[in-house]
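Student: I'd like a close look at one part of this model, starting from a single residue and working outwards. Please take me through it in one connected account.

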Amino acid sequence: MKQINSFYLFNNGGFVCNTGCTYIDDDGNICNGSAGGHISLGTGEAYNPGDHGVAAGTTVRLAIGITAGNDRTGGQYFEYQPTAPGQAHYEITGTTLNSDVHFQGVQMP
């Protein structure tokens, strides 16, 4: 499983959204990390799971909250390691009820 130090989401959709994550705890439960800030159309935000209560070595996935719309996830799971060199980059497009999440690879921030 690839290691990342954070997620980056660029909002190219017709809505406001926020970043977050889902993660798998030691008991195998799927949990939610706290949400990041609001991202307007044409802007992006980095989300560090460690800043939102997620421990190093945890399996994480990007979560996207869409204001007045259908929430989405990034799909892929990664191992969160604060010292890992890579950041998982995503772009979201579409509308509140019909959005698409595009994984753009693990990149150096």
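Tutor: Setting aside neighbours up to four places away in sequence, Thr93 is in contact with Asn12, Gly13, Phe15, Asn98, Ser99, Asp100 and His102. Keep in mind that what we are looking at is a predicted model. Thr93 belongs to strand 10. With His102, the contact includes a polar one between the two side chains, at 2.9 Å.

Let's move from the residue to its strand. Strand 10 covers residues 87-95, and it takes part in an open sheet of 4 strands, ordered 6-2-10-11, in which the pairing is mixed. The edges of this sheet are strand 6 (44-47) and strand 11 (98-107); each has a single partner strand, so one side of each is left without a neighbour in the sheet. From one strand to the next, the twist averages 20°. His102, the polar partner of Thr93, falls within the residue range of strand 11.

On the other side of strand 10 in the sheet order comes strand 2. These two strands run parallel and are joined by 8 bridges. If you want one position to fix the register, take Tyr8, whose bridge partner in strand 10 is His89.

Now for the rings. There are 4 aromatic pairs in the structure. In one of them, the ring centres of Phe78 and Phe103 are 5.9 Å apart and the planes meet at 45°, so the pair counts as tilted. This pair bridges distant parts of the chain, since Phe78 sits in strand 9 and Phe103 in strand 11, 25 residues apart. The surroundings of the two can be compared too: Phe78 counts as buried because its relative accessibility is 3%, while Phe103 is partly exposed, with a relative accessible area of 34%. Phe103 also pairs with Tyr90: here the centres are 5.1 Å apart and the planes at 50°, so this pair is tilted as well. Tyr90 brings us back to strand 10, and this pair too links distant parts of the chain, with 13 residues separating Tyr90 from Phe103 in strand 11. Tyr90 has 0% relative accessibility and therefore counts as buried. Together with Phe7, the residues Phe78, Tyr90 and Phe103 make up one aromatic cluster.

Phe7 leads us on to the nonpolar core. The largest such core has 19 residues, and Phe7, Leu9, Cys17 and Val60 are the ones that touch the most other members. Strand 2 (6-13), strand 3, strand 7, strand 9 (78-80) and strand 10 each contribute at least two residues to this core, and strand 7 gives the most, with 4 residues. As background, nonpolar side chains tend to be buried together in soluble globular proteins.

Val60 is a good place to pause. Apart from neighbours within four places in sequence, Val60 is in contact with Ile4, Phe7, Thr22, Tyr23, Pro49, Val54, Gln76, Tyr77, Phe78 and Tyr80. Two members of the aromatic cluster, Phe7 and Phe78, are on that list. Ile4, another contact of Val60, is located in strand 1 (residues 3-4). With 0% relative accessibility, Ile4 counts as buried. Beyond four places in sequence, Ile4 touches Val60, Phe78, Glu79, Tyr80, Gln81, Ala84, Gly86, Ala88 and Val106. The C-alpha atoms of Ile4 and Met108 lie 9.6 Å apart, although 104 residues separate the two along the chain.

Finally, follow strand 7 (residues 59-66) to its partner. Strand 7 pairs with strand 3 in the antiparallel sense over 8 bridges, and within that pairing Cys21 has Leu62 as its bridge partner. Strand 3 (residues 17-24) is mostly covered, with 7 of its 8 residues buried. Strand 3 has other antiparallel partners too. With strand 5 (residues 38-39) there are 2 bridges, and His38 is the partner of Asn18. With strand 4 (residues 30-32) there are 3 bridges, and Tyr23, which we met as a contact of Val60, stands opposite Cys31. Strands 3 and 4 form a hairpin with 5 residues between them, and Gly28 in its turn has a positive phi of about 85°.

Key: Residues are numbered from 1 along each chain as its sequence is written. This is a predicted model: local features need pLDDT of at least 70, side-chain atom pairs count only at pLDDT 80 or more; totals for chains, interfaces and linings use all residues. Side-chain values use heavy atoms; hydrogens and water are left out. Buried means under 20% relative accessible area, exposed over 50%, partly exposed in between (1.4 Å probe, protein chains only). Two strands pair if DSSP finds at least two bridges between them. A nonpolar core is a set of buried Ala, Val, Leu, Ile, Met, Phe, Trp, Tyr and Cys residues joined through side-chain atoms within 4.5 Å. Contact means heavy atoms within 4.5 Å. A polar contact is a pair of N or O atoms within 3.5 Å; within protein, one must be able to donate a hydrogen and the other to accept it, and residues adjacent in sequence count only if both atoms are side-chain atoms. Axes are lines fitted to C-alpha atoms, for helices over the stretch in contact, and angles run from 0 to 180 degrees between N-to-C directions. Rings of Phe, Tyr and Trp (its six-membered ring) pair if their centres lie within 6.5 Å; planes under 30 degrees apart count as stacked, over 60 as edge-to-face and the rest as tilted.
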